[in-house]
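Work through the exercises below with the model open beside you, and try each task before reading its solution.

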Amino acid sequence: MGFALIKGGGMGRTVGEANGLVDRGLEGVVVWVLLASGLGLAATLAHHFLAPQVCIASALLTGIYAWSTRGRRSSSLLAGVKPKHMILLILVCLFFRLPAFNHVQGGQDEGLYVNMANYIERTGSLDIWDTPLEQLKGTPFVERYLAENRHLSTDPASLNAGSYVGGVYSRSPTGDDLYFQFYHLFPIWMALAAGVFGSTLAVYALTLFALLSVVFMYCLTLVLTGSSRTALIAGLLLALNPLHAFFSKFPVTEVPALAFSLIGFTYLALFWRAEEGSRHRRWLLLSMLSFGALFMTRISGFMCVPFLIVVAVVSAANDADRMRRNYMQLWVLGVVALYAVSVSYGLRWSYQYAVDIYRGSFGRIFPSHWQGGVVALVAVVLIIWFGLVALAQTSMRPRIDKLIVVPLRRAIAPIVLISLVLGIYKIYQLGWTTHYQGDVWLDTQWGLAGSHWWAVKASSLVALFVYTGPLLPLAFLGLALRRQNEPRIEFLRLFVAGFFVYIVLLQWTVPYGPYYARYLLSEAVPYMLLFTVVAWACMPKNGMRSVLSAILAITLIYSLTATASQLGKNESEGEYQSLTKLLAPVDSGDIVLLDTLGAGMPGNNELKTPIVYTFGLSAVTVSRASLADHAYVAALNAHYDDVFLISPSAVAPDGYESLGSTRFQDKAYEWGHSFPHQLFMREDARLFLYRLVRLSLVRPVFPLGQPESFKTPGAWNEWLTSGWSDPEAGGVWSSGTHAEITIDPRELSHVVQGIRLNFEVYGLVAAGHTRQRIQVSVNGAAVETHEVVYPNNQMQFNVAIPAVDMSSSNGIHIAFDLPDAVTPHSIGMNNDRRMLGIQLETLTASPIDPAGQQPSPIVSETAAPVAPEIHKFY
């Protein structure tokens, strides 16, 4: 295209005398899509995403755009769009792409995108937190929670602190601030659909982009060839393509990225091919913004930018139209600037993902100090680009064409041929030698090393034949190895050749399909189809053209057959409905415990991701040991109404009641190296839902030898029966001159010699109030009086509970009489006007030493005071 755009001439200038309503309508759709993309992204980053308002505002601004451009002449090139062709393509496209797959299950990219979209639609923001961790801070259970609910990174080279679930990173190993993986424009589009039509229809945003990609495949072909018949063939090849059809239902970013690139190239070609009087600069702006949307959809924009810079250089060297040449430089500069914005966005809003992708891509070129290498490479490219453009403004322009453009055109064929040979050799090494033995990805992960013909099947080269038919890749190679006489095809040849080299040398394996075949979709397969059709349209009517016509016909038939095999098969059908049924008794004020650490499938990522981000519930992964630790469960329950448990076990844990079960089934397309055609049952499990009946019925057991706090939240705060203020960060203060705690004996460990309870308290003492007496009684019987004497304000004392009292059915009542309680305000400490005596901080239980003197039924002991400490009151 770019080479075509340079010289402009060629095949017919007009393609019809239609009134221009169709192409203006298409332009309006593009404007609305770009506006909704920008407004949706801006609103999300501002934490105020509202789907209906974004759509309405975009429609109003589109109307203003249409009104302001109403008097300008429509493009005669796109005026040749035939409405009947549009209707046919849309119907064919929809026939093979409905229904879309509502992948709410986590653990893979598609599930993360859907859950991200539902979260954005529900909260209006991208900010996410680990709420249970935030609420557990200040308790002794943080480490246990982190061990069971975080996956810490073990890669010393990684900047990733760890992950919460698959695709949700943590900013620090122990922090509650999380962030989503990936770029966010595609989830925002699904959030728009969810906000307008409902969450189950969020994935139909993907259907919109599937339609746009097919329609603009038609439009781009029409602009390049001037033939609506050729454009229809190109549109049908994409509409019937099995790879495009599958990923138009499978929510990942390849189809939206393809739609944006086709829109961008269409308006770029439209600007170049238009007559000077009918050339509109707004088309360049639409093209530029479309590429900007592409860069905010997928991080791989750096794959396209080099080709666009080549177009700028070739334009500067060859185009005789000075104004068009200058606009081309501005367009490429604008696109590169938008790509730079996308890089900054990724480093700010999806940091770990961006760093991983750039390091994985450029670390192979610059094994050490890849960041500096990338900066140096960018600087060199920009200097060369600007230098060549500057020289092209002088008498050096013909020499630039001779020394750069002509050798570049000649180099395409040998580069493609050499890359093909090297790619085949790499496949041979993988399948028949030990070269890749021990490779973490190819051997350890997928077992492809030494697998003979299986390695061939797992190659991107073979996948091209699977998804474009048995003959079209051969036709493409034949066309790519010879220079095209028609200049407008040369950029397509360069562009597709570049991605062909990429897939045979770099992205050269498809471990299994159809999932990993997605990397062929955003560029290689559709632009290979486009290049072949456009080259065919430009051929003279001879035997070679007839052969290529037959190949295109065979490709259409093959694609129709392969795509039709997907009809009636819905991957992940019923997942959302199963989870909705399972979680029906749970509301946003409850917490869900997940017994998924050793349960097999479905796993923790698969269940926890939709529970938290689609259904908006708090969920905590627990081991069987944590589930049995009732103090931990009590701490989790401190801020929630009810505790629920999802488990694969049909046996209700102690203290829980059964609320029934739900069968969870997950169907997926068979993994292999053919086009998608057969489903299999990937998961079939019954999940049981339980509810904690009442925390007191669980009978939590107070641990031995471990100080337990009375902070907020505290697992044992239910023991505080009267005379206490609200628990605070440092403990709980007595309120008034009398306070009591009541202990259920069944919550204490039963040891033969009884239990010693060690209380650690702070006394309210100061220079003007030098003592605080604590009179302790147990079950109404006075035990002993302790004093906290200024300047010491902390003390510990013990209360022994014999085994006979622990086996009683009555509660153990420990009372504290505090005759010296006073307000901090009255003694000049601060403005706190509560009547305070002591702050109960921790309690530690330990067995009474059986070798020592047998204690009296109730004994109190006093420990030596510790050094003075300033204590804050709240």
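The exercises that follow deal with a helix pair, a further helix and some backbone features.

The model is a predicted one, in which local features need pLDDT of at least 70, side-chain atom pairs count only at pLDDT 80 or more, and totals for chains, interfaces and linings use all residues. Residues are numbered from 1 along each chain as its sequence is written, and side-chain values use heavy atoms, with hydrogens and water left out.

**Exercise 1.** Determine how helix H12 and helix H15 are oriented to each other, and which residues meet.

*Solution.* Helices (H or I, at least four residues) and strands (E, at least two) are DSSP runs, numbered from the N terminus. Begin with the axes, which are lines fitted to C-alpha atoms, for helices over the stretch in contact, with angles running from 0 to 180 degrees between N-to-C directions. H12 (residues 254–273) packs against H15 at an angle of about 165 degrees, and the axes are 11 Å apart. Angles over 145 degrees count as roughly antiparallel, and H12 and H15 are therefore roughly antiparallel to each other. Next, take the contacts (heavy atoms within 4.5 Å): Leu268, Phe271 and Trp272 of H12 meet Arg324, Tyr327, Met328 and Trp331 of H15. The residues of this contact divide into six nonpolar, no polar and one charged, where Ala, Val, Leu, Ile, Met, Phe, Trp, Tyr, Cys and Pro count as nonpolar, Asp, Glu, Lys and Arg as charged, and the others, Gly among them, as polar.

**Exercise 2.** Find which residues of helix H16 are buried, and what covers them.

*Solution.* H16 has twelve residues, 351–362. Buried means under 20% relative accessible area, exposed over 50%, and partly exposed in between (1.4 Å probe, protein chains only); by this rule Gln352, Tyr353, Ala354, Val355, Tyr358 and Phe362 are buried. Their cover includes strands E3 (168–170) and E4 (177–180), together with helices H15 (322–349) and H17 (370–392).

**Exercise 3.** Compare the settings of histidine 47 and phenylalanine 182, and then locate the cis peptide bond that ends at proline 99.

*Solution.* Most residues other than glycine have a negative phi, and most peptide bonds are trans. Histidine 47 has a phi near 65 degrees and sits in the loop between H2 (21–45) and H3 (51–68), where it is partly exposed at 38% relative accessibility. Phenylalanine 182 has a positive phi of about 75 degrees and belongs to the loop between E4 and H8 (185–197), but this residue is buried, with a relative accessible area of 4%. Finally, the bond from leucine 98 to proline 99 is cis, with omega near -5 degrees, and proline 99 lies in the loop between H4 (83–95) and H5 (109–123).

Key:
The expected span of a helix is 1.5 Å times one less than its number of residues. Angles under 35 degrees count as roughly parallel, over 145 as roughly antiparallel, 65 to 115 as roughly perpendicular and the rest as oblique.
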